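Here are some notes to read alongside the structure, set out as numbered points for someone who has not looked at it before. Each point takes up one topic and may be checked against the view.

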Amino acid sequence: MSRRSGRRVAKTEWPLSRAVDTDFHLRADGRLTQEPPSTAERAEEFTYDPMDPVPTTGGALLMSDEFRPGPLDQTAVEGREDVLVFTTEPLTEAVEVTGRVRAVLFAATDGLSTDWVARLCDVDENGVSRNVADGIVRVRAATPGEAAERVVDLWLTSIVFRAGHRIRVQVTSSNFPRWDRNLNTGEPEENATTARVARQQVFHDPARPSRIVLPVVPPA
């Protein structure tokens, strides 16, 4: 069952044939829009230091009591300089997302290896951002400075983003201790002995549109 605008609708199939994969583009200056960039926009940058990783804050966890699972306020995470944030305008109508979510990033690092983390969030009318789904992809052999497509699988979800809410995407390179840190050196994880800081870039242009793909269910 799913709820949309206060009404329950029975679902009898999976995945939903009615769900339409819909691109929401990561744009310069923190925008998230269904419209792709028409010209190349300034790349977003951050510095990933594996010795100061983004702390795990909510999610599909089975960890110690120190790390609470589920949807949690993301204020502290989104206030970090190593987390990029992209947000839609307030929604004029409810948007149901049911199915598998993925992020497609055209991104570059100056490290020999790195991680890319994407997180989908729901921002309420008061501006509180809560995590919905997230995922990670590990790049074990990066070409420093070369932009490449990185697909991050955020797995499955079913949520209605209510009218007045906003859809948000975080992009970063760590979620520790849920996932082991990538030390950016290209060394095998099991015997890595050194770490380095990496300069990360996410690109926004028509030929290489970074985006999140949401399975949007049209109104019945």
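1. The side chains of Arg-31 and Glu-41 meet in a salt bridge, with 3.5 Å from N to O, and please bear in mind here and throughout that the model is a predicted one. The pair links distant parts of the chain, since Arg-31 sits in the loop between strand E3 (20-26) and strand E4 (32-33), whereas Glu-41 belongs to strand E5 (residues 41-48), ten residues apart. Arg-31 has a relative accessible area of 35% and is therefore partly exposed, the limits for that class being 20% and 50%. Arg-27 also enters the picture, as Arg-27, Arg-31 and Glu-41 are linked in a network of salt bridges.

2. How many salt bridges does the count come to? The count comes to 17 salt bridges, and another of interest is the one that Asp-52 forms with Arg-80, in which the closest N and O atoms are 3.7 Å apart. Asp-52 lies in the loop between E5 and helix H1 (75-78), while Arg-80 lies in the loop between H1 and strand E6 (84-87), so this salt bridge ties together parts that are 28 residues apart in sequence. Asp-52, with a relative accessible area of 42%, is partly exposed.

3. A further salt bridge joins the side chains of Asp-153 and Arg-100, at 2.8 Å from N to O. Here too the pair links distant parts of the chain, with Asp-153 in strand E10 and Arg-100 in strand E7, 53 residues apart. Both partners fall in the partly exposed class: Asp-153 has a relative accessibility of 29%, and Arg-100 has a relative accessible area of 39%. As a general remark, side chains of opposite charge can pair when their charged atoms come close.

4. Strand E7 deserves a point of its own. Is strand E7 largely enclosed or open, and why? Of the 15 residues of E7, 13 are buried, so the strand is largely enclosed by the rest of the structure; buried here means under 20% relative accessible area. Arg-100, which lies in E7, is partly exposed.

5. The pairing of E7 with other strands can be followed one partner at a time. E7 and E10 run antiparallel and are joined by twelve bridges, and within this pairing Gly-99 has Thr-157 in E10 as its bridge partner. With strand E14 (residues 211-217), E7 pairs in the antiparallel sense over five bridges, and Glu-96 has Val-217 in E14 as its bridge partner. With strand E12 (residues 198-205), the pairing is again antiparallel and extends over three bridges, and in E12 it is Gln-200 that stands opposite Thr-109.

6. Which residues have the most contacts inside the largest nonpolar core? That core has 31 residues, and those with the most contacts inside it are Trp-116, Leu-154, Val-171, Ile-212 and Leu-214. Strand E7 (residues 95-109) supplies the largest share of this core, namely six residues. Leaving aside residues up to four places away in sequence, Val-171 touches a set of residues that includes Leu-26, Phe-46, Asp-82, Leu-105, Trp-116 and Val-202. In soluble globular proteins, nonpolar side chains tend to be buried together.

7. Nonpolar side chains also appear on the surface, where Trp-14, Trp-155 and Leu-156 form a patch with about 390 Å² of accessible area together. Trp-155 lies in strand E10 (residues 148-161), and with a relative accessible area of 55% Trp-155 is exposed.

8. Two glycines in loops complete the note. Gly-127 is found in the loop between strand E8 (114-123) and strand E9 (129-139), and counts as partly exposed at 36% relative accessibility; from C-alpha to C-alpha, Gly-127 and Leu-62 are 28 Å apart in space, with their places 65 residues apart in sequence. Gly-164 is found in the loop between E10 and strand E11 (166-172) and is partly exposed, with a relative accessible area of 29%. Not counting residues up to four places away in sequence, Gly-164 touches Pro-90, Leu-91 and Glu-125, while Gly-164 and Gln-74, 90 residues apart in sequence, are 19 Å apart in space, C-alpha to C-alpha.

Definitions and conventions:
Residues numbered from 1 in each chain as written. Predicted model: local features only at pLDDT ≥ 70, side-chain atom pairs only at ≥ 80, totals over all residues. Heavy atoms only, no water. Patch = residues over 30% accessible without salt bridge, like charges linked within 9 Å, V, L, I, M, F, W, Y side chains within 5 Å. Areas by Shrake-Rupley, 256 points an atom, 1.4 Å probe, with all protein chains shown as cover. Salt bridge = Lys/Arg side-chain N within 4 Å of Asp/Glu carboxyl O. Helix = DSSP H or I, 4+ residues; strand = E, 2+ residues; numbered from the N terminus. Buried < 20%, exposed > 50% of the residue type's maximum accessible area, 1.4 Å probe, protein only. Core = buried A, V, L, I, M, F, W, Y, C linked by side-chain atoms within 4.5 Å. Contact = heavy atoms within 4.5 Å. Pairing = 2+ DSSP bridges.
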